[in-house]
Amino acid sequence: MKRLTALFLAVIMLLALLPAGAFAATSKLIISDAPGGSSVKEIDMSAKASGNGWQWDASNKTLTLNGFNGEYIQAGGDMKIVLKGKNTVTLPKRGEFGIKVDGRLTIDKSSSSSTDTLTVTQTT
């Protein structure tokens, strides 16, 4: 009985060491796509979606920013960001992050033009 109890406790301890994301059913993409946080979208990363200055393509995990002007982008997995035109992420004074990805992040331009930009700033 003592061995069974010890084995059970060992399994519980191992499960406690796993990251919480290991138990998540789906990954989320959370985007605040308007200044002041007035528009926050939370979507399943396995579904296509779009909003004010952005479009999510779930098939290749690509977020295209085209004139984006928001507060933050948070992804629960790998993500590629493609820039088109001028894009801005402006964190509020007490914002913790502008872009947060729980995985690999790649940022690319849509062309070789110098007009494809991403500026991340924080209000003072």
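Leu9 comes out partly exposed, at 48% relative accessible area; the class runs between buried (under 20%) and exposed (over 50%), with a 1.4 Å probe and protein chains only. The model here is predicted, so local features need pLDDT of at least 70 and side-chain atom pairs count only at pLDDT 80 or more, while totals for chains, interfaces and linings use all residues. Residues are numbered from 1 along each chain as its sequence is written, and side-chain values use heavy atoms, with hydrogens and water left out.

**The helix and its greasy patch**

Leu9 sits in helix α1. Helices here are DSSP runs of H or I with at least four residues, strands are runs of E with at least two, and both are numbered from the N terminus. Helix α1 covers residues 2-17, 16 residues in total, and spans 23 Å from its first C-alpha to its last, close to the 22 Å expected at 1.5 Å a residue. That expected span is 1.5 Å times one less than the number of residues.

How many of the 16 residues of α1 are buried? The count is zero, so to speak a helix that is hardly covered. Leu9 also belongs to a nonpolar surface patch with Met1, Leu4, Leu7, Phe8, Val11, Ile12 and Leu15, and together they have about 860 Å² of accessible area. Patch members have over 30% relative accessible area and no salt bridge; nonpolar side chains (Val, Leu, Ile, Met, Phe, Trp, Tyr) are joined within 5 Å, like charges within 9 Å. The areas come from the Shrake-Rupley method with a 1.4 Å probe, and for residues only the protein chains shown count as cover. As background, nonpolar side chains in soluble globular proteins tend to be buried together.

**Where the core is**

The largest nonpolar core has 19 residues, and Leu29, Trp54, Trp56, Leu63, Leu65, Ile73 and Met79 touch the most other members. Such a core is a set of buried Ala, Val, Leu, Ile, Met, Phe, Trp, Tyr and Cys residues joined through side-chain atoms within 4.5 Å. At least two residues each come from β1 (28-32), β4, β5, β7 (72-75), β8 (79-84) and β9, and β8 gives the most, with three.

Strand β8 also holds Val82, which counts as buried at 14% relative accessibility. The C-alpha atoms of Val82 and Leu63 are separated by 6.2 Å, although the two residues are 19 apart along the chain.

**Two hairpins around β4**

Strand β4 (residues 54-57) has alternating side chains: Trp54 and Trp56 point to one face and are buried, whereas Gln55 and Asp57 point to the other and are not. On one pairing, β4 runs antiparallel to β3 (residues 49-51), joined by three bridges, with Ala49 opposite Trp56. Strands count as paired if DSSP finds at least two bridges between them. The β3-β4 hairpin has two residues between its strands, and Gly53 there takes a positive phi near 85°.

Strand β4 also pairs antiparallel with β5 (residues 62-66), over four bridges, and Asp57 has Thr62 as its bridge partner in β5. Four residues separate the strands of this hairpin. Lys61 lies in that loop and has a positive phi of about 50° despite not being a glycine. Most residues other than glycine have a negative phi. Lys61 counts as partly exposed, at 43% relative accessibility.

**A parallel three-strand sheet**

There is also an open sheet of three strands in the order β6-β9-β12, with parallel pairing. Strands β6 (69-70) and β12 (117-122) are at the edges with a single partner strand each, so one side of each has no neighbour in the sheet. Strand β9 itself covers residues 86-91.

| Pair | Bridges | Sense |
|---|---|---|
| β6 and β9 | two | parallel |
| β9 and β12 | six | parallel |

For the register, Asn69 has Thr88 in β9 as its bridge partner. Asn87 is matched with Leu118 in β12, and Thr90 stands opposite Thr121 in β12.

**One salt bridge**

The count is one salt bridge, taking a side-chain nitrogen of Lys or Arg within 4 Å of a carboxyl oxygen of Asp or Glu. Which residue pairs with Lys41? The partner is Asp33, with the closest N and O atoms 3.6 Å apart. Asp33 is buried at 1% relative accessible area, whereas Lys41 is partly exposed at 30%.
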